[in-house]
Amino acid sequence: MIYTIVNPLYLYYCARAHDLTASVVTGQRGITREGIHRLRVTIKKIKAVFKLLEYLNPKFDSKLYLNQIKPLFVASGKVRDLDIALSL
């Protein structure tokens with residue numbers, strides 16, 4: 001039963017990891033409002049996958065993995081906050 005859940009979840013995670021990589025590469029060429037938004041949404045989706053894995057397997061430590069992308073999420077949040085403040 002768990003295999004039938006994990007395989008689609010793995011494929012979903014792989015797609016989100018690809019989206020994250022694409023967002024970072026695109027951001028290196030230039031930061032846009034939409035790019036920051038996509039990056040943050042992708043990180044939130046990855047976080048949801050890890051939380052689900054942690055629920056399915058309590059031995060899985062999502063923080064171990066999420067701490068690796070947390071600085072990127074925090075930094076992009078600061079950029080987003082500044083962008084919003086400048087647009088007011």
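**Reading helix H3 and the salt bridges**

Biologist: In this predicted model, what should the 26 residues of helix H3 span at 1.5 Å a residue, and how far apart are the end C-alpha atoms?

Modeller: Helix H3, residues 62-87, should span 38 Å at that rise, and its end C-alpha atoms lie 35 Å apart, which agrees. The helix does have a kink of about 45° at Ile-69, shortly before the proline Pro-71.

Biologist: Which residues of H3 are buried?

Modeller: Ser-62, Leu-66, Ile-69, Ser-76 and Gly-77 are buried in H3. Leu-88, in the segment after H3, counts as exposed because its relative accessibility is 86%, the cut-off for exposed being over 50%.

Biologist: How many salt bridges does the structure hold, and how should I read one within a helix?

Modeller: Side chains of opposite charge can pair when their charged atoms come close. An α-helix has 3.6 residues a turn, so residues three or four places apart point the same way. The structure holds four salt bridges, and one of them joins Arg-16 to Asp-19, with the closest N and O atoms 3.0 Å apart. Because these two are three residues apart in helix H1, about one helical turn separates them. Lys-51 and Glu-54 also form a salt bridge, at 3.8 Å from N to O, and they too are three residues apart, in helix H2.

Biologist: Which helices does the salt bridge of Asp-83 and Arg-33 tie together?

Modeller: Asp-83 and Arg-33 have their closest N and O atoms 2.6 Å apart. Asp-83 lies in H3 and Arg-33 in H2, so the pair ties together parts that are 50 residues apart in sequence.

Notes:
Residues numbered from 1 in each chain as written. Predicted model: local features only at pLDDT ≥ 70, side-chain atom pairs only at ≥ 80, totals over all residues. Heavy atoms only, no water. Helix = DSSP H or I, 4+ residues; strand = E, 2+ residues; numbered from the N terminus. Expected span 1.5 Å × (residues − 1). Bend = angle between axes of the 7 residues up to and from the residue. Buried < 20%, exposed > 50% of the residue type's maximum accessible area, 1.4 Å probe, protein only. Salt bridge = Lys/Arg side-chain N within 4 Å of Asp/Glu carboxyl O.
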